[in-house]
Every structure is written in C-alpha cells, then in structure tokens.
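Biologist: I'm new to looking at protein chains that sit together. Could you show me how to read the places where they meet?

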Amino acid sequence: MSKDGFALQMQGVRKVYPMADQEVVALDGIEMDVAEDEIVALVGPSGSGKTTLCTIAGGILTPTDGRVRVGGEDITDYSAKKLTEFRRTRVGFVFQAVNLVPFLTARENLLVVDELGPTGRSRSDARRRADQLLEELGLADRANNLPGQLSGGQKQRVAIGRALMNSPELVMFDEPTSALDSKLGDQVVHLIRDEMKQRGTSAIIVTHDERITHYADRTVHITDGRITDHEYAAAAVG
Amino acid sequence: MFLAAKEMHRGKVKFALLLVAVSLLVFLILVQQALSRALVTSFIGAIENQSAPVLVYATDALRAPQGSVITPPMEELVTASPEVAEAGRIGILSVTFPTSALAEGEELSAVVWGYEEEALGAPADLSAGAYPAAAGEAVGTAGDFELGETLAFEGPGGDTVTFDVVGLAEDSQLAVQPTLFVDYADFEDAALAANPTAMAVLPSLMAVAPATTEAALISDLRAASVDLDPLTRADAASEFPGAGQVEQSFLIILGLYGFVVPLVTGLFFLIITFQKTRALTLLRAVGARSGVLVRALLWQVAFILGGGIAVGVGLYALTSLVEIGQLTIVFDWGMVAFWTALLGVLGVLSALASIRRVLAIDPVEATTGGGH
Amino acid sequence: MRLALRELRRQPGRFAVATVTLTLIAILLMFLGGLLDGLLQSATGAYRAQPGQLIVYSDTANDTLAGSRIDGDLRVQVEDAVGGAGVVGGIGELTLGARVDGGDERELESVALRGYEIAPAGLPDAAPALREVWADPDLAETYEAGQTLLLGPGRSEVTVAGFLDDSATPSLGGLWASLDTWRAVLAESRPGSAMGEETVQGLVVVLEDEAAAADVAAAIDGANPTRTLTIDDAVLAIPGVEAQNSTFGQIIGVTLAIALVVVALFFALLTVERLSLYAVLKAMGAKTRTIFAGVVVQALAVTLIAAAIGVAMTIGAGQSIPAGSLPFAVEPARLAISVGFMALAAVVGSAFSLRRVARIDPAEAIGGN
C-alpha cells in the first residue's frame with residue numbers, strides 16, 4: 001500500500017524519442033497523481049501521448065526525464081529486469097487487442113502471470129485466487145473454456161480478472177470498450193467501475209468512449225504530450 | 001519484383017535460413033551422387049574400364065575377381081568354344097610394396113593385374129604415357145602412382161620383382177586398391193615370388209572376345225560347364241560383390257533428399273503467405289492485381305531456388321577440388337543440369353499451394369475484417 | 001515452460017509443418033545410419049565376434065587375414081611373448097561359394113568359412129567336429145540344420161550342426177568350424193594356398209587384463225615379424241571400411257546441419273506469428289528468458305517427436321528389409337546418438353529466434369493493432 005495515499009505519481013515526466021535528425025517529444029512535462037481508489041479516464045486524439053503515458057506508468061518504458069512512483073515505489077531508475085518483476089507483481093494491464101492467450105482456458109489465462117515467474121505465492125494459493133476472481137466476475141462456469149468459446153464480454157472479463165490476479169496498485173485499461181457493441185460496452189464499463197471500487201484499486205483508462213468519462217472519477221485530457229485539462233466528475237455515478 | 005525484394009529485405013533472417021537450407025540440400029545431393037559414383041568406381045573401375053568385352057569367372061568365385069581361379073580344364077573349355085574369337089588370361093594378385101613415389105615412405109598394398117593381349121584386359125584408355133612394351137613395364141592407376149617410378153617387392157623366398165610405371169589410367173582401381181596392369185608373364189613372376197611354394201600359377205579370369213554376339217558366347221560357355229560364369233563387362237562391374245548394394249542404397253537416399261527440397265520450400269512459402277494474408281488483402285483492396293502478387297511470390301521462389309542451387313553447386317565445385325579420404329569427387333555438369341531442372345520444377349510446383357492461397361484472397365475482407 | 005507445452009498440446013496444427021519436415025529428416029538420418037551399419041556389419045561382423053582383444057597378423061599381410069600366414073614356430077614365439085598375460089588361439093578364414101548337396105549347381109551362396117580354436121561370441125566352447133559347421137543367424141533363411149553343404153570348387157562336404165543366435169553374435173554370412181576343417185577345405189578348394197597342420201592365418205589373443213593390450217601388442221611385434229592390432233584397429237584396416245565410414249559420416253554431418261537449419265527456419269516463422277502474444281506476456285512481466293525457454297522446449301519437443309517416429313520407422317525398416325537385398329542394420333547406440341544430435345540441433349536451431357524474442361517490445365502490446 002502506498003505511503004502517502006497515491007497509487008501513481010508522475011512528476012515532470014518527459015519522454016523523447018530520437019529519430020533520424022530530429023527528436024519526437026511524446027510526453028512533455030507530465031504532472032499527474034492518481035489517488036488510491038481513483039478511476040481516471042485518459043482522453044486525447046491519436047498521437048497525443050496517452051499510450052506512452054500508460055506504458056511509463058505501467059513500468060514498460062522509462063521516462064527520459066522526471067520521476068514515476070507507483071504505490072510509493074519509485075520506478076524511474078529501475079533496470080529492465082526489475083521493471084519486469086515490477087510489472088508482474090504490482091500493476092495490471094487490460095489491452096485492447098490480443099487480450100487472452102488463445103490456447104489457455106479462462107482459468108489458465110488468469111494463472112499465466114504466476115507461470116511467468118515468482119509472485120511470492122504458491123500454486124495452490126494462486127489457483128484459489130483465480131477461482132475466486134472468476135466467481136466474482138461471474139465466470140465460474142466458464143473456467144475451463146478457451147477464449148474461442150467465450151463471448152466478447154466474457155473475454156473482457158477474463159482479461160480484467162487476469163489484471164487483478166496480483167492485487168495490483170494500479171490497472172491500466174487500453175480502450176476496453178472499443179471492440180464491443182453498446183450494450184456490452186455498458187456492462188464492461190459498469191464492471192470495471194464496480195471491480196475497481198470494490199477492491200480499492202486505482203485505474204487509468206485510455207478511451208474515446210464518453211460513457212467511461214461519465215463513470216470515471218476524473219477525466220484527464222492530453223494533447224501533444226501535455227495534459228491540458230482535468231475534469232472531475234460532478235458526482236459519483238452508482 | 002519490388003514487392004518481392006522489399007519483403008525479403010525486411011525478413012532477411014528467415015529468407016537467409018531457407019536459402020541456407022536449400023543450398024545445403026542441393027550440395028548434399030550433388031556430392032552424394034558424386035561420392036557414390038566415386039565409391040563404386042573405386043571398387044570396379046578396373047573391370048569397368050578394361051578392354052575385354054566378356055570376362056569369364058569361376059562360378060565358385062561368386063563374381064569376386066580376386067577369389068576366382070581358372071583351372072586348366074576350364075581354360076580349355078573356354079578356348080575350345082566356337083563362340084570365342086579370341087581369349088586371353090587375366091591374373092590378379094595382391095602384393096605389398098615397401099613404398100612408392102606417392103606413398104611417402106609408407107607401405108603400399110596394391111593389386112597386380114596381368115593380361116595377355118591389350119585388347120583383352122588392359123585399361124581401355126590411358127591418361128598418360130604408354131602401354132607396357134617391354135618386360136617389367138606397367139600401367140598404374142592415376143593418383144596412386146607416378147609416371148616413371150619403379151616399384152619393387154620382395155617375396156618371402158627372397159625373389160624380387162620390379163615394375164616400371166610407363167603409363168597411367170584413370171578410374172581403374174580394383175576393390176579400392178591401387179592397381180598395376182602388367183604383361184601376364186610379369187604377373188606370373190610376381191605370383192611365384194609371392195608364393196614360392198606354389199606348384200603352378202593359375203589365372204583368375206579369362207578375357208574373351210565373341211565370334212558372333214556376346215549373348216551367344218555367354219550362353220555357350222554357361223552350357224559348357226557349371227564351373228564357368230561368363231559376364232559382359234557391364235555385368236561384371238555391376239555384379240561385383242557389394243558395389244551394387246552401395247549404389248542402390250545411395251539412390252534411395254538421394255530420392256528422399258530430393259523430396260525434402262520442395263517440401264521445405266513449399267511449406268515455407270505457404271506459411272509466410274498465410275502470415276501476410278492481411279497485408280495481401282490490403283494490397284488487393286487498394287487495387288493490386290492478383291497476377292502482381294503471384295509474380296512477387298514466384299520471384300521469391302525463383303530467388304531461393306536459383307540462389308540455393310547456385311550456392312549448392314558452388315560448394316560442390318569446391319569439394320571436387322579436395323580429396324575426401326581416398327575418393328576424389330568429379331564435377332559432373334550433366335548431373336548439375338539434371339538436378340537443377342528437377343529441383344527447379346519441383347520447387348515451383350511446391351509453391352502452387354501458396355499461389356492458390358494468394359489467388360483466393362478476397363479484397364472485400366480488408367473492410368469487414370481487421371482488428372479483433 | 002508449462003505454457004509452451006500447453007500450446008503444443010492445444011494447438012498441434014501450428015507445429016505440424018515443422019514436425020513433418022523434421023520427421024523426414026530424422027528418417028533420412030537414421031536410415032543413413034542403418035545403411036552404414038549394415039555395410040560395416042557385413043564387412044566386420046566376424047572380427048567383432050572374435051574373443052579377446054588383439055589380432056596378430058604376419059607383417060607381410062598388410063593387415064588382412066587373407067594375406068597373413070603364421071606357422072607353428074612363429075606361433076610359439078608369439079605365445080612366448082604373450083607369456084602368462086593371456087591365451088592365444090589360431091584363426092583362419094576362407095570365402096567361397098556354398099551349394100546345397102543335391103541342389104542346383106549354379107545356385108551359390110557366398111559364405112565365409114571361419115576356423116577357430118577359442119570360441120567366438122555365440123559359439124559353444126568345444127570346437128565342432130571335423131566337417132561340421134555352425135552357421136551365422138542370417139544363413140538360417142537359406143539353409144537348414146543337418147543339411148550337407150558343398151563348399152568351393154573342391155565341393156568339400158560339411159554338415160550344418162546348427163545356427164547361432166541373432167543376439168549372440170554380430171557375425172554374418174559365416175560358417176564356423178574347427179581349424180582342421182578349415183585347412184581341409186582350403187586344401188581342397190585352393191590347393192595353391194594349402195597350409196600345413198600348424199599353420200594358421202592369424203592369432204587372437206585373449207588377455208587376463210584388458211588394459212595390458214598395448215603392452216602385449218608391443219611385446220609381440222617387438223620380438224617377431226608380426227603386426228598386432230586391437231580388434232577395433234583390425235576392423236578399420238579392412239579395405240573399404242574407412243572409406244565408407246568417413247563418407248557416410250560426412251553425409252550424416254551435413255544432414256544434421258540441415259536439421260538445425262530447418263528447426264531454425266520453422267521456429268523463426270513461428271516466432272513471427274506469435275510476436276503479439278509475446279509482447280503481451282512481456283508486458284505482464286514475463287522475462288525474455290522465460291519466453292525463450294518456451295521456444296526451446298517446443299523445438300525440443302517437436303524434434304524429439306520427429307526423432308521418435310524416425311526411430312520407429314528405422315526399426316520397422318530393419319525388420320521388413322529382406323536379408324541380403326540391402327545392407328541394413330539397426331544399432332541402438334547409433335539411434336541414440338542420432339536422437340541426441342537432433343536434440344542438440346533443435347536447441348541450437350531455436351537459438352536463432354532468441355534475438356527476435358529479446359527485441360520484442362512490451363510496449364507494442366498496448367495501443368491496439
């Protein structure tokens with residue numbers, strides 16, 4: 001648990017890519033804090049840097065300048081090896097595409113994190129947690145199905161389950177509703193909010209979808225690598 | 001061509017690996033065939049390349065010339081046959097020389113092959129020098145002996161026999177041994193020196209020229225005695241114990257290897273065609289004609305096959321310059337042409353599955369599919 | 001690793017291509033080995049059946065039995081040199097055609113009549129009676145126990161006492177007899193090469209202490225006009241054996257290289273197909289090492305499956321190839337080595353994907369297609 005109540009703290013974060021004879025500034029002086037238990041929607045046009053922000057927050061990339069703290073842990077100077085371990089144990093990801101491993105059942109997809117390296121718990125503990133999550137996500141009877149046998153919404157729920165397996169500080173969602181029709185998208189949005197709030201887990205959701213901005217505690221607008229606006233939700237939506 | 005080259009450039013490693021695989025296979029096929037020829041020739045060269053059209057063995061020898069003995073009664077039957085125009089003896093003896101010019105101080109075990117007439121048992125062609133004219137002269141197998149050298153061996157009884165190499169013949173070894181072709185009288189001297197207690201020296205084979213046809217000669221001699229086993233030169237070579245089996249084994253293997261080439265190539269192109277289905281669909285959607293895409297595929301197939309064959313042939317050529325143990329590999333253009341044609345055709349045929357896949361692409365899929 | 005194996009089990013079709021191709025190569029590899037062993041066995045089986053560690057030839061023999069001759073006096077001297085280190089036994093060999101008594105005169109089988117004193121593998125200790133022979137296992141297809149055979153141009157009569165057991169001897173195409181029988185047949189078929197009563201072609205030396213072989217050999221050759229070789233060296237000296245060994249050896253080597261390249265190729269292709277999956281795994285915290293270990297495990301599994309099929313088919317071929325048509329022998333040691341080398345080729349071949357796997361950027365998992 002974070003020392004000072006923040007799941008994420010980004011101070012003066014810059015990310016610059018050298019390209020041929022120029023530099024591409026993907027992020028330019030980002031200041032952003034995400035409180036424990038806060039759901040932040042990250043909105044911006046293509047190329048605005050929202051994906052880059054997520055990858056840095058999630059410990060996939062390191063910033064060129066600035067500092068990043070996740071759950072009180074300063075990961076700015078972590079080596080690739082330490083970042084790998086960090087990702088495995090402290091954060092969760094729900095990707096837009098290629099969410100699930102196609103040849104693993106729903107349960108096995110949840111357990112895959114434990115297969116990838118030591119997580120500090122035994123196999124039976126992991127299995128218990130997986131089954132519990134599946135139950136909570138309403139997938140107990142689908143535990144042995146392959147992704148090919150699951151609906152779009154069910155797959156999304158499995159992905160969320162997997163992101164929650166290691167009880168992360170922070171979960172990053174990348175366009176979770178873009179591939180779903182409106183009814184399903186609604187369900188998923190509800191689900192995300194409920195699950196996050198229930199566990200007190202923070203989330204950053206990259207999205208174009210207005211429904212999510214309604215459900216989020218705060219909407220952050222980002223353009224050309226800079227945060228242009230924070231919008232706080234008028235009231236919590238139940 | 002542009003598409004083909006671009007794709008290969010982007011995927012250098014995988015195309016390079018395929019090229020290496022094809023090159024190695026082609027190299028292996030060519031070298032194997034050459035090796036099997038070289039191996040077999042080293043067994044039977046003496047028989048295959050000597051001048052007599054028909055050789056008569058003792059039946060009991062089971063077509064192994066060194067094990068064959070022609071007794072005087074058998075010899076009489078041969079010379080008495082009306083189908084025989086001319087007959088001459090051939091004597092085969094194994095000896096050990098203390099050394100030779102090319103043996104570098106080591107002992108040399110060799111075969112002494114004695115013949116009576118040049119047209120009945122001498123090597124058909126010489127690569128250097130001349131046939132023996134005087135006593136003690138010999139034609140030696142090229143690569144084993146040097147023109148002008150003299151070899152001497154001493155029998156257990158103390159008798160010494162010398163041979164002067166006055167001619168060289170290619171591909172004329174017997175049973176993988178350096179071979180000296182000498183006059184029959186010299187062979188007799190050598191045989192007596194090698195075995196002083198022997199009462200008589202008997203020939204190993206009879207070399208025979210037919211009066212009418214080889215077939216008539218052979219059937220006449222077979223009927224004359226159960227102990228006579230007459231064979232045409234070609235049959236004597238192919239029936240040499242062990243030689244036929246070696247050749248047969250190699251042929252089977254060659255066939256299988258030949259099959260691996262189109263298999264690997266065809267499967268490779270099928271896989272990458274499947275992998276780039278989306279890209280291909282996109283190209284079709286923006287207006288590329290199927291023919292263009294198929295041609296790009298064929299360019300790549302041609303590049304791989306052509307390149308692989310070229311490298312394989314090059315390696316084969318290099319190998320033919322080196323000696324592998326006792327065998328020399330001969331570079332055979334005919335063989336190269338045959339395999340180039342065969343593998344080329346098979347390779348293109350193997351790409352048919354991929355071509356079909358390319359032709360089956362529906363540009364509509366670019367719009368409805370995409371992203372999951 | 002479990003992930004990798006699970007993928008193999010659940011999506012076998014993906015690996016079908018690599019498996020099929022590698023199976024073909026495995027069959028080729030092991031078939032080649034079988035051919036080589038078959039060729040070698042027919043040439044060398046009798047030597048390997050001999051008891052003892054050393055063979056003594058006369059030094060004029062050029063390391064072949066056919067050219068060697070050891071008379072009684074020389075034998076005594078050799079025995080002196082050996083001393084108490086072991087026992088010495090005479091051997092002689094004669095290749096000739098065998099006919100069945102009463103059968104077609106032109107129907108001849110090539111056999112090797114082998115005279116011995118100290119029983120080689122598979123033979124009873126006491127040498128057979130005069131004119132009696134024990135036949136090698138492959139001759140059971142042609143002859144029967146109790147049959148009389150006529151050997152060589154001299155039509156020497158011998159009776160087949162029985163056949164050796166397949167598993168007891170590596171020898172092929174031989175008739176084992178006492179030295180007296182051998183000498184008698186030799187005199188009848190090759191009068192010019194007849195040998196006296198005490199004369200043999202070679203001697204085998206059976207040592208009490210195997211390690212003393214080199215010393216004993218030196219002692220024998222130091223004092224006598226002989227050439228003493230270990231059985232392995234004697235085998236290599238047989239004309240053609242060395243050539244066949246090295247020729248086939250090189251072909252087998254190149255074939256293994258091809259197997260390596262095929263593994264590298266098909267797994268490079270497979271890696272390309274799974275780039276996005278790997279990116280996701282890396283984003284979730286999988287180490288490059290873990291992912292790569294999975295690739296190696298799959299390459300090994302596929303190769304071992306191919307090798308297993310290769311072994312099965314080679315053994316099958318060994319059973320179904322009629323004896324005498326094609327030289328073919330299935331040697332467990334060679335099969336094991338072939339499998340081992342294929343596994344090695346798999347591991348090295350999969351290393352080609354390492355760079356690609358290492359280069360996968362987990363950031364690619366985020367941000368859509």
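Modeller: Let's go through the interfaces first and then a few single residues, keeping in mind that this is a predicted model.

Biologist: Fine by me. How much area is buried between chain B and chain C?

Modeller: The size of an interface is often given as the accessible area lost when the parts come together. For chain B and chain C that comes to about 4500 Å², and carbon and sulfur atoms give 72% of it. On the chain B side, B:Leu17, B:Asp60 and B:Leu62 lose the most area to chain C, together 14% of what that side buries.

Biologist: And how many residues does the contact take from each of the two chains?

Modeller: It takes 50 residues from chain B and 50 residues from chain C.

Biologist: What about charges? How many salt bridges are there between chain B and chain C?

Modeller: Three salt bridges are counted there. One to look up is C:Arg155 with B:Asp227, where the closest N and O atoms are 3.2 Å apart. The same interface also has nine residue pairs in polar contact.

Biologist: Which elements of chain B give two or more residues to the side that touches chain C?

Modeller: Those are α2 (12-48), α5 (214-224), β10 (228-232) and α7 (243-275) of chain B. The largest share, 18 residues, comes from α7(B). Sort that side by class and you get 31 nonpolar, 13 polar and six charged residues.

Biologist: Let's zoom in on B:Asp60. Is B:Asp60 buried or exposed?

Modeller: The cut-off for buried is under 20% relative accessible area. B:Asp60 has 8% relative accessibility, so it counts as buried. You'll find B:Asp60 in the loop between β1 (54-58) and α3 (72-80) of chain B.

Biologist: Which residue of chain C has a side chain joined to that of B:Asp60 by a polar contact?

Modeller: That's C:Arg99, and the polar contact is 3.0 Å. Among the other residues that B:Asp60 touches are B:Asp227, C:Leu96, C:Pro153 and C:Arg155. Remember the salt bridge: B:Asp227 and C:Arg155 are its two partners.

Biologist: Can I have a residue to set against that one? Is B:Glu104 buried or exposed?

Modeller: For exposed, the cut-off is over 50%. B:Glu104 counts as exposed because its relative accessibility is 72%. B:Glu104 is in the loop between β2 (84-97) and β3 (108-115) of chain B.

Biologist: Now the other interface. How many residues of chain C are in contact with chain A?

Modeller: 24 residues of chain C are in contact with 27 residues of chain A. The area buried between chain C and chain A is about 2500 Å², with 67% given by carbon and sulfur atoms. In chain C, the residues that lose the most area to chain A are C:Arg10, C:Met284 and C:Ile366, together 27% of what that side buries.

Biologist: Which residue of chain A meets C:Arg10 in a salt bridge?

Modeller: A:Glu108, at 2.7 Å from N to O. The count between chain C and chain A is two salt bridges, and five residue pairs are in polar contact. On the chain C side, α1 (2-10) and α8 (275-283) each supply at least two residues. The largest share is six residues, from α8(C).

Biologist: One last thing. How is chain C divided into domains?

Modeller: The domain assignment gives domain 1 (2-44 + 242-366) and domain 2 (60-224). Their centres, taken over C-alpha atoms, are separated by 45 Å.

Methods. Residues are numbered from 1 along each chain as its sequence is written. Chains are lettered from A and ligands numbered from 1 in the order in which they are written. This is a predicted model: local features need pLDDT of at least 70, side-chain atom pairs count only at pLDDT 80 or more; totals for chains, interfaces and linings use all residues. Side-chain values use heavy atoms; hydrogens and water are left out. Helices (H or I, at least four residues) and strands (E, at least two) are DSSP runs, numbered from the N terminus. Buried means under 20% relative accessible area, exposed over 50%, partly exposed in between (1.4 Å probe, protein chains only). Contact means heavy atoms within 4.5 Å. Buried area is the accessible area (1.4 Å probe) that two parts lose on being put together, summed over both. A salt bridge is a side-chain nitrogen of Lys or Arg within 4 Å of a carboxyl oxygen of Asp or Glu. A polar contact is a pair of N or O atoms within 3.5 Å; within protein, one must be able to donate a hydrogen and the other to accept it, and residues adjacent in sequence count only if both atoms are side-chain atoms. Ala, Val, Leu, Ile, Met, Phe, Trp, Tyr, Cys and Pro count as nonpolar, Asp, Glu, Lys and Arg as charged, and the others, Gly among them, as polar. Domain bounds come from an automatic or database domain assignment. Lists of a residue's contacts leave out its neighbours within four places in sequence.
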